[in-house]
Structures are given as C-alpha cells and as structure tokens.
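Q: Please take a close look at the surroundings of the ligand. I should like one connected account of that part and of the helices that belong to it.

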Amino acid sequence: MNAYATVLITGANGLLGQKLVTDFHPHYKVIACDLHPESFFSFPNLSYENLDITDRRQLGFHISFYHPQVIINAAAYTDVDGCEIHKDKARAVNVGGVRNLVSFCREQKIKLIQLSTDYIFNGENGPYFEEDPPDPVNFYGETKLESERIIKESGVDFLIIRTNVLYGFGKNVKSNFLLWLLEKLSQNEKIKIVTDQFNNPTLADNLSLCILEMVKKNISEIYHIAGSEYLSRYDFAIKVADKFNFDKNNILPTKTELLQQKAKRPYKGGLKIDRAQSILETKLLSVNQALEYLIKSKQTFRELSAPLL
Ligand SMILES: NC(=O)c1ccc[n+]([C@@H]2O[C@H](COP(=O)([O-])OP(=O)(O)OC[C@H]3O[C@@H](n4cnc5c(N)ncnc54)[C@H](OP(=O)(O)O)[C@@H]3O)[C@@H](O)[C@H]2O)c1
C-alpha cells in the first residue's frame with residue numbers, strides 16, 4: 001500500500017487501536033475513530049472522529065469524506081462475559097458493525113482488515129491452524145465467527161487476523177490480563193489464576209507492527225498472529241511476577257470450573273503462527289521478550305498507568 005494511502009482505524013482508543021494509530025501515523029494518513037468524543041491521546045495532525053460502527057449513516061459519512069483505501073476494524077465489544085449477558089449489544093457491534101463496514105468496503109473498493117480471535121475455536125485441541133474448523137463455546141466467539149463469515153462471503157479484499165490474550169499498556173485502556181495482574185501484585189493481594197487454560201499471549205505493540213508490515217505488503221486472507229510461546233495463564237502470571245519483581249507466592253493455582261465465569265472458555269485455545277512467521281519480517285515475541293520490551297518502556301507505563309502502581 002503506497003505511503004500516501006489513507007487508513008481509517010476504528011476502535012482507535014482501545015488497546016490495539018492506540019498501538020495501530022501510533023505505528024501507522026508516520027507512514028500513512030491516519031483517521032482514528034472511536035465511540036468517545038475525543039481521542040485518548042494525540043499527535044500533531046491526527047484526524048480523530050467520533051464514530052459508532054453500528055451507525056450506518058455516520059459511518060457512510062466519514063468514509064465518503066475521507067476516502068480511505070484501507071479500514072482496520074479494531075472496534076469490538078470485547079467483554080467476553082458481558083457478551084453472554086448483553087447479547088443484543090454483542091451482536092450489534094461485533095456482527096452489525098462489521099456488516100456495515102463490509103457494505104461500504106464493497107461499494108467503494110476499500111480493503112478491510114478485521115481483528116478476530118482464537119475464541120472461534122472450542123479449545124479441545126489447540127493451538128489452532130488457520131484452516132481448522134471453528135466451533136465457538138461462547139457468544140463472543142459466535143459473534144466474531146459470524147463477522148468472519150460475512151467478510152469472507154462479501155467479495156471484498158480482506159485480511160482477517162486472529163489473535164489471542166492481547167496485553168499491554170495504553171492510555172485509559174480497559175484492564176487487560178497484564179494490567180489486572182500488575183495491579184493486584186503491586187498491592188500484594190493474593191490472586192487465583194487458572195492452570196487449565198492455555199494460549200499464546202500477544203503483546204499488542206508486537207501485533208500492531210505485524211499489521212503495519214502486512215498493510216505495506218498488501219497481504220490478504222486469514223492469518224494467526226500471536227505471541228510465540230504457548231503456556232497456561234498461571235505460567236504466564238508467574239513470568240510476569242518474575243520480570244516485574246513481585247512476589248510469586250501471591251499467585252495461587254486454580255481451575256476454570258471454580259471461577260464460575262458467565263462465558264465458557266476454551267481450555268486448549270491459542271493459535272499456530274507458522275503461516276504468519278513464514279511471511280513476516282517482524283518477529284513474534286516470546287513472553288519474556290515482550291515483558292522485557294515493556295520494562296524498557298516502563299517510564300511510559302508509569303505515566304500511563306500511574307493509578308495502578
Ligand atoms: N483483548 C483480547 O484479548 C483480544 C483477543 C483476541 C482478539 N481481540 C480482538 O482484537 C480487537 C481489538 O481488541 P482490544 O483488546 O484492543 O479491544 P478494546 O481495548 O476493548 O478496544 C475496542 C475499542 O472499540 C470501541 N468500541 C466498542 N464498540 C464500538 C462501536 N460500536 N463503534 C466504535 N467503537 C467501538 C471500544 O470503546 P469502549 O471501550 O467505550 O467500549 C474500545 O475503545 C477486537 O476486535 C477484539 O475482538 C482481542
């Protein structure tokens with residue numbers, strides 16, 4: 001995609017959205033969009049629009065005004081338990097919003113990049129390859145799978161990127177597993193973490209750079225992009241405590257069934273990343289590499305997450 005192209009990013013105030021805006025901004029004309037009236041952060045000359053992807057009229061207006069060549073949809077209702085309770089909202093955002101995007105992308109020949117998840121798989125025998133049969137065990141997974149189907153059947157030029165357990169620091173972002181963990185560990189609280197859910201946690205900063213490379217190379221179809229290490233949530237938490245010098249004894253092992261979460265979780269989830277690794281120069285990071293990267297940018301973390309530590 002040439003350097004003067006316009007890239008519209010939805011969900012720009014979210015964890016991944018913030019990284020995408022930061023990474024794409026030096027290379028493309030970026031239009032950052034999110035539900036909130038203002039951007040959570042700013043750059044000189046950054047165009048920000050208040051946009052709800054479920055509002056077809058508003059979406060059509062911004063797309064006609066900016067004429068993007070690429071839309072990256074990082075907007076979603078991502079609260080997995082919330083999706084189980086608020087099914088209408090989950091369907092409206094994760095399916096209806098994507099249907100809206102698809103219709104404008106088809107009409108105006110815009111490439112659509114959609115973020116999806118390993119939660120489209122049932123977690124019986126992960127990690128999964130791109131072509132493995134989906135079988136979601138919760139409503140969030142169902143909505144994300146349905147959005148994939150709409151995109152694949154639409155005839156638009158698309159790139160679907162499935163990822164899992166996104167973590168990182170960002171300004172005003174919702175808590176993610178890492179932030180929650182650091183908050184609890186820094187307060188010396190005892191926490192229970194499951195030993196029976198496996199995946200390959202993904203540093204949002206790492207994923208964003210992969211997406212930038214894929215846009216530059218104009219890659220299409222479906223790719224799994226995730227961290228290079230497959231481990232349990234418990235083992236991930238122990239590594240975090242180790243790297244950030246918190247007391248590991250505060251992390252207690254537990255089992256998924258004891259948590260009584262609203263939404264079922266895949267046990268052996270996660271994603272095989274061989275296909276992405278075969279085309280990407282950007283290296284997919286192990287947990288330790290990713291945590292070291294975060295520790296190096298600790299000043300930023302302390303600024304961004306000041307209330308937490
Ligand atoms: N987080 C994970 O572990 C994970 C794993 C696999 C895949 N993914 C996928 O990766 C993508 C990015 O995830 P993330 O963790 O960066 O999510 P996030 O932090 O929750 O960000 C999503 C952003 O989208 C906004 N949004 C929600 N509804 C919207 C709407 N109707 N119109 C426009 N914006 C809307 C949210 O605003 P509010 O905060 O106000 O709702 C938020 O700013 C999503 O597609 C997600 O499904 C995430």
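A: The secondary structure of the protein comprises 12 helices and 13 strands (DSSP runs numbered from the N terminus, with H or I over at least four residues for a helix and E over at least two for a strand). The radius of gyration is 19 Å, close to the 19 Å that the globule rule gives for 309 residues, so the protein is as compact as a globular protein of that length; the radius is taken over C-alpha atoms, and the rule is 2.2 Å times the number of residues to the power 0.38. The C-alpha trace spans about 55 × 40 × 40 Å along its principal axes. This is a predicted model, in which local features need pLDDT of at least 70 and side-chain atom pairs count only at pLDDT 80 or more, while totals for chains, interfaces and linings use all residues. Residues are numbered from 1 along each chain as its sequence is written.

The ligand is surrounded by 28 residues, of which Gly11, Gly14, Leu16, Ala75 and Ala76 are the closest (a residue counts as near if its C-beta atom, placed from the backbone, lies within 6 Å). By class, this shell holds 14 nonpolar, 11 polar and 3 charged residues; Ala, Val, Leu, Ile, Met, Phe, Trp, Tyr, Cys and Pro count as nonpolar, Asp, Glu, Lys and Arg as charged, and the others, Gly among them, as polar. At least two residues of the shell come from each of α1 (15–24), α4 (87–108) and β5 (111–117). The most is given by α1, with 3 residues.

Helix α1 also packs against another helix. Its axis and that of α7 (residues 204–216) come within 9 Å and cross at roughly 50 degrees (axes are lines fitted to C-alpha atoms, for helices over the stretch in contact, and angles run from 0 to 180 degrees between N-to-C directions). The two helices α1 and α7 are therefore oblique to each other, where angles under 35 degrees count as roughly parallel, over 145 as roughly antiparallel, 65 to 115 as roughly perpendicular and the rest as oblique. The crossing of α1 and α7 is right-handed (the near helix is turned clockwise from the far one by less than a right angle; anticlockwise would be left-handed). In α1, Leu15, Leu16, Lys19, Leu20, Asp23 and Phe24 meet Ala204, Asp205, Leu207, Ser208, Leu209, Ile211 and Leu212 of α7, contact being C-beta atoms, placed from the backbone, within 7 Å. This contact of α1 with α7 has 9 nonpolar, 1 polar and 3 charged residues. Leu16 thus appears both among the residues closest to the ligand and in the contact with α7.

Helix α4, another contributor to the shell, packs with α2 (residues 56–66) at an angle of about 35 degrees, their axes being 10 Å apart. Their crossing is right-handed. Arg56, Leu59, Gly60 and Ile63 of α2 and Asn100, Phe104 and Gln108 of α4 make the contact, which has 3 nonpolar, 3 polar and 1 charged residues.

The loop between α4 and β5 contains Lys109, whose phi is near 55 degrees, a positive value in a residue other than glycine. On the other side of β5, the loop between β5 and α5 (139–154) holds Pro127, and a cis peptide bond joins Gly126 to Pro127, with omega about 0 degrees.

Notes: Contact = placed C-beta atoms within 7 Å.
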